[in-house]
Amino acid sequence: MVNAGDMNGSGNLMDFLDEPFPDVGTYEDFHTIDWLREKSRDTDRHRKITSKSKESIWEFIKSLLDAWSGWVVMLLIGLLAGTLAGVIDLAVDWMTDLKEGVCLSAFWYSHEQCCWTSNETTFDDRDKCPQWQKWSELLVSQSEGASAYILNYFLYIMWALCFAFLAVSLVRVFAPYACGSGIPEIKTILSGFIIRGYLGKWTLLIKTVTLVLVVSSGLSLGKEGPLVHVACCCGNFFSSLFSKYSKNEGKRREVLSAAAAAGVSVAFGAPIGGVLFSLEEVSYYFPLKTLWRSFFAALVAAFTLRSINPFGNSRLVLFYVEYHTPWYMAELFPFILLGVFGGLWGTLFIRCNIAWCRRRKTTRLGKYPVLEVIVITAITAIIAYPNPYTRRSTSELISELFNDCGALESSQLCDYINDPNMTRPVDDIPDRPAGPGVYSAMWQLALALVFKIVITIFTFGMKIPSGLFIPSMAVGAMAGRMVGIGVEQLAYHHHDWIIFRNWCRPGADCVTPGLYAMVGAAACLGGVTRMTVSLVVIMFELTGGLEYIVPLMAAAVTSKWVADAFGKEGIYEAHIHLNGYPFLDVKDEFTHRTLATDVMRPRRGEAPLSVLTQDSMTVEDVETLIKETDYNGFPVVVSKDSERLIGFAQRRELILAI
């Protein structure tokens with residue numbers, strides 16, 4: 001009877017746990033890990049393996065396997081992250097083009113792939129081929145005219161709504177954690193917080209599928225941030241296969257730091273930038289060993305993506321570009337101005353987006369996530385279609401804005417007037433006044449810029465996967481390209497001004513508007529995320545040019561200074577605080593002016609502290625303490641009289657021990 005009573009008592013105690021039969025040493029959901037305990041457990045495990053390895057050959061082999069398991073996990077993460085990124089890129093390319101038409105020879109080909117295989121394509125009309133048909137041509141056999149335009153417009157909106165509805169429905173039903181960027185939560189998890197299911201298999205699957213859908217729908221969001229979440233899900237999955245990582249939350253976080261580096265590596269084709277991003281932006285505990293492993297994971301991921309070659313140009317990203325014109329000292333002034341713009345845009349975006357997200361949380365708006373996604377998608381599609389710069393995918397837009405105008409470019413932005421009969425002194429800039437195409441492109445870019453700035457504020461934070469890197473870069477690239485064209489035309493029409501006089505060698509291009517677009521993109525991304533070192537490295541890995549590091553550094557530092565003048569928080573820290581996650585930022589500085597006596601408990605008239613004593617407590621006393629309080633742990637003291645601290649016992653461990 002006594003035994004039955006004891007069993008019953010401990011059975012009641014188990015009700016205080018979240019899970020029915022958890023492992024000893026694991027943590028409950030929404031709790032923080034004990035870093036010191038995890039470190040000591042790993043040291044003990046390592047000591048046991050080392051001592052056993054001397055006993056037999058088999059134990060020695062096991063110790064070697066244990067030592068190599070970290071590198072094996074990194075290899076697997078890199079392979080899977082690179083493969084998923086390649087599949088996402090290919091699927092997005094096809095589904096984005098599906099909104100406008102279909103390839104008759106093979107419906108799974110995108111517009112570009114369809115016309116690659118065609119023999120009837122001419123150089124001037126390289127985007128037109130008989131195999132690719134717009135929906136109006138397919139349905140009513142008309143390619144021009146008002147009725148064809150309206151039909152294409154209508155189907156563009158319908159496809160966008162269909163993709164967005166499917167994405168938000170999948171997220172709501174199967175994996176609520178698959179929404180958002182994922183980087184704020186990854187930062188919190190890496191700082192030692194437990195969010196069960198956030199890096200689970202369902203989240204990985206649904207996030208990968210819905211990422212393709214939302215990017216294809218044309219919403220103002222990117223896939224780069226969510227790719228970090230996807231890579232961390234891969235890291236979590238492979239960690240669970242090795243007991244070294246599955247049973248130690250501290251070690252698992254080392255793997256997740258490396259996975260975040262692999263995610264950025266495939267997102268931007270920047271392995272070194274990925275490692276620095278993980279170190280600067282997301283990681284909390286980053287030992288030297290993790291640095292090497294991050295580098296290896298990022299390398300394998302980039303190599304895998306390169307093998308898939310999703311864009312068919314042997315590059316890892318769509319907007320890879322190479323410039324051949326040097327920059328001049330006088331250009332630092334417009335570069336710094338772009339940095340100021342980036343900082344101001346970052347501040348504006350963070351404040352407006354956080355205010356909107358707070359409104360979503362506190363009003364009835366948050367109860368209708370599907371309706372919100374549908375409305376924002378409809379507004380985006382309706383406004384985006386008439387403007388060619390907002391109709392295409394944002395990555396393609398950035399690619400065009402970064403591009404240098406060569407002889408083969410057919411873009412409106414390269415519509416310069418080339419008159420071979422005009423002569424100028426040899427020390428002048430090449431005579432290339434802007435043509436009508438450039439002026440109309442400037443108007444369209446200005447409208448697209450305003451639209452992007454406004455719509456991104458409402459899009460980021462909806463219940464769908466949404467990255468912020470690409471929209472921020474698009475805003476900066478549009479502003480930068482317009483400034484670049486302005487400086488270029490100023491240099492052409494006022495070449496005798498003192499600042500332009502000593503610039504140009506005969507027949508050289510003096511101003512590269514694409515470079516201004518790249519600097520603007522870096523400035524805006526820096527203003528929103530407050531990245532500096534990793535941002536510059538990512539941008540120069542994108543362009544393959546070390547020559548432009550100084551302009552990028554100038555813009556990145558200026559944008560950070562300007563943004564920090566209005567508030568120290570980047571967008572990810574702001575979302576961490578909005579969601580109420582317990583994140584202690586290593587960059588935060590605290591100035592405490594209180595004394596210990598101001599915060600100590602208990603005060604006079606209050607109940608005494610709930611403590612465990614070293615040797616005078618019974619099991620019944622401990623049970624009573626657990627049932628009557630809801631603290632997560634209790635200090636262990638010598639005795640009630642001498643309350644000298646000798647340790648700390650967690651509530652969960654006590655319950656399991658009893």
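# Buried Cysteines, Cores and Unusual Torsions

User: Is cysteine 179 buried or exposed?

Analyst: In this predicted model, cysteine 179 has a relative accessibility of 17%. The limit for a buried residue is under 20%. Cysteine 179 therefore counts as buried.

User: How does cysteine 162 count at 42% relative accessibility?

Analyst: A buried residue has under 20% relative accessible area, and an exposed one has over 50%. The value for cysteine 162 is 42%, so this residue counts as partly exposed.

User: Which cysteines form a disulfide?

Analyst: A search of the whole structure finds 1 disulfide. A disulfide is a covalent bond between the sulfur atoms of two cysteines. Here the two sulfur atoms lie 2.1 Å apart, and they belong to cysteine 103 and cysteine 114.

User: How many residues apart are cysteine 103 and cysteine 114?

Analyst: Cysteine 103 is in strand β1 (residues 101-103), whereas cysteine 114 is in helix α4 (residues 111-116). Cysteine 103 is buried, with a relative accessible area of 2%, and cysteine 114 is buried at 0%. Along the chain, the separation of the pair is 11 residues.

User: What is the handedness of the disulfide of cysteine 103 and cysteine 114?

Analyst: The torsion about the S-S bond is about 75°. Because of this torsion, the disulfide of cysteine 103 and cysteine 114 is right-handed.

User: Which helix gives the most residues to the largest nonpolar core?

Analyst: In soluble globular proteins, nonpolar side chains tend to be buried together. The largest nonpolar core of this model has 146 residues, and Met473 is among those with the most contacts inside it. The greatest contribution to this core, 12 residues, comes from residues 469-493, which form helix α19.

User: Where does this core lie, and why?

Analyst: Domain 1 covers 63-308, and domain 2 covers 329-419 + 435-579. Both give residues to the core, so its place is between domain 1 and domain 2.

User: Which residues are in contact with methionine 473, leaving aside its neighbours within four places in sequence?

Analyst: Two of the contacts, Phe268 and Phe402, are also listed with Met473 among the core residues with the most contacts. The full list for methionine 473 is Phe268, Phe319, Ile398, Phe402, Ala521, Leu525, Met539 and Leu542.

User: What is the phi of arginine 530?

Analyst: Most residues other than glycine have a negative phi. Arginine 530 is found in the loop between α21 (513-529) and α22 (533-543), and it is buried, with a relative accessible area of 9%. Although arginine 530 is not a glycine, its phi is positive, at about 65°.

Conventions. Residues numbered from 1 in each chain as written. Predicted model: local features only at pLDDT ≥ 70, side-chain atom pairs only at ≥ 80, totals over all residues. Heavy atoms only, no water. Core = buried A, V, L, I, M, F, W, Y, C linked by side-chain atoms within 4.5 Å. Buried < 20%, exposed > 50% of the residue type's maximum accessible area, 1.4 Å probe, protein only. Helix = DSSP H or I, 4+ residues; strand = E, 2+ residues; numbered from the N terminus. Domains from an automatic or database assignment. Contact = heavy atoms within 4.5 Å. Disulfide = S-S within 2.5 Å.
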